[in-house]
Amino acid sequence: NRCVSYPDPPDEAIREILAQTGKTHREDELNCGACGYNSCREKAKAVYYGFAELEMCIPYMRAKAESLSDAVINSSPDGVVVVDNSLRVLSVNPAFERMFLCKQANIKMKKLDYLFDTRYIKEAMRTKTLVIKDVTYPSYNLITRQFIFPIEKNGVVVGILRDLTLEQKSKRELEVLRQETLERARAVIEKQMRVAQEIAGLLGETTAETKVLLTRLMEIVSSGEGRKQDASLRGSGDIPAS
């Protein structure tokens, strides 16, 4: 017989290995056999001797995945709400609680209508498709973009609500600033146009006056030259004296 028999590990070591897979009480030991061993303790013994890995436990890995999923949802900046087909709240995350000033313990299994209009959740349930809507809640001073979709096999509807309040506020402030800038630019342009027109008017008057003076001067000069020429001709006797 080539089978090698290994002594049972210390009970404390077995309990420690079981605890690492979430089995701290006897009722946690499901003995499902999915790992290939007849019992959770047999599998723990194999782990102790290096013949198996802790992760070779489907209930443990499922719980670990669910825990990771919960951690992601709970740390998400987007509000998440899960309701059943009767619109009763099954779960919400901390971001949702902050948005709608509520606590999961107080609203669980209550109709979501208790908090806000659920028309788009009903639309997702009816059409069995993803519904994306921008929804404003004045009573909560909140602007959201909502992604709502049903999970038919579980009989639930999930809503993910993204808070756009600050983004929209920034857009409005930017638009106000843009309008103010345009108004100021328009006022400056109008002022410059008035100044330019006034300058043009003054230049026009000055030009006209200069033209008059130069014309008069030319006339005076011309008439002076004519008189000199007449005097010269009279002196030479070419023109009889009057």
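This is a chat about the sheet, the aromatic rings and the salt bridges in a predicted model.

Reader: Hey, let's start with the sheet. How many strands form it, and in what order?

Author: Five strands make an open sheet, and the order runs β2-β1-β5-β4-β3 with antiparallel pairing.

Reader: Which ones are the edge strands?

Author: Those are β2, residues 89-92, and β3, since each of them pairs on one side only. On average, neighbouring strands in this sheet are turned by 25° against each other, ignoring direction.

Reader: Cool. How many bridges are there between β1 and β2?

Author: Three bridges, in the antiparallel sense, with β1 covering residues 79-84. If you want a spot to click on, Val81 stands opposite Val92 in β2.

Reader: And which helix packs on the sheet?

Author: That's α6. It touches β1, β3, β4 (142-151) and β5 (156-163), and its direction makes about 165° with that of β3.

Reader: OK, switching to rings. How many aromatic pairs does the structure hold?

Author: Nine. One of them is Phe100 with Phe116, a tilted pair with 4.8 Å from centre to centre and 40° between the planes.

Reader: Where do Phe100 and Phe116 sit in the chain?

Author: Phe100 is in helix α4 (residues 94-100), while Phe116 is in the loop between α5 (104-107) and α6 (119-127). They are 16 residues apart, so this pair links distant parts of the chain.

Reader: Are Phe100 and Phe116 buried or exposed?

Author: Phe100 is buried, and Phe116 is too. Phe116 also forms a tilted aromatic pair with Tyr137, at 5.2 Å centre to centre and 50° between the planes.

Reader: Where's Tyr137, then?

Author: Tyr137 belongs to strand β3 (residues 131-137), 21 residues away from Phe116, and this pair also links distant parts of the chain.

Reader: Why does Tyr137 count as buried?

Author: Because its relative accessible area is 8%, and the cut-off for buried is under 20%. Phe116 has 7%, so it is buried as well.

Reader: Which residues form the aromatic cluster?

Author: Phe96, Phe100, Phe116, Tyr137 and Tyr140 form one cluster.

Reader: What about charges? Which charged end sits over the ring of Tyr114?

Author: The one from Lys110, 4.9 Å from the ring centre. In another case, the charged end of Arg119 sits over the ring of Tyr120, 5.9 Å from its centre.

Reader: Now salt bridges. How many are there?

Author: The count comes to eleven. Take Asp11 and Arg41: their closest N and O atoms are 3.5 Å apart. Asp11 lies in helix α1 (residues 11-20) and Arg41 in helix α2 (residues 40-48), so their bridge ties together parts that are 30 residues apart in sequence.

Reader: Are Asp11 and Arg41 buried or exposed?

Author: Neither, really: Asp11 counts as partly exposed at 42% relative accessibility, and Arg41 counts as partly exposed at 24%.

Reader: What does Arg26 form a salt bridge with?

Author: Glu29, with the closest N and O atoms 3.5 Å apart. Arg26 is exposed, with a relative accessible area of 58%, whereas Glu29 is buried at 11%.

Reader: And what about Arg88 and Asp84?

Author: Their side chains meet in a salt bridge of 2.9 Å, N to O. Arg88 is partly exposed at 35%, but Asp84 is buried at 10%.

Reader: Last one: which residues do shared salt-bridge partners join into one network?

Author: Asp11, Arg15, Arg26, Glu29 and Arg41.

Methods. Residues numbered from 1 in each chain as written. Predicted model: local features only at pLDDT ≥ 70, side-chain atom pairs only at ≥ 80, totals over all residues. Heavy atoms only, no water. Phe/Tyr/Trp six-rings, centres within 6.5 Å; stacked < 30°, edge-to-face > 60°. Helix = DSSP H or I, 4+ residues; strand = E, 2+ residues; numbered from the N terminus. Buried < 20%, exposed > 50% of the residue type's maximum accessible area, 1.4 Å probe, protein only. Lys NZ or Arg CZ within 6 Å of the ring centre and 35° of its normal. Salt bridge = Lys/Arg side-chain N within 4 Å of Asp/Glu carboxyl O. Pairing = 2+ DSSP bridges. Axes fitted to C-alpha atoms, helices over the stretch in contact; angles between N-to-C directions. Contact = heavy atoms within 4.5 Å.
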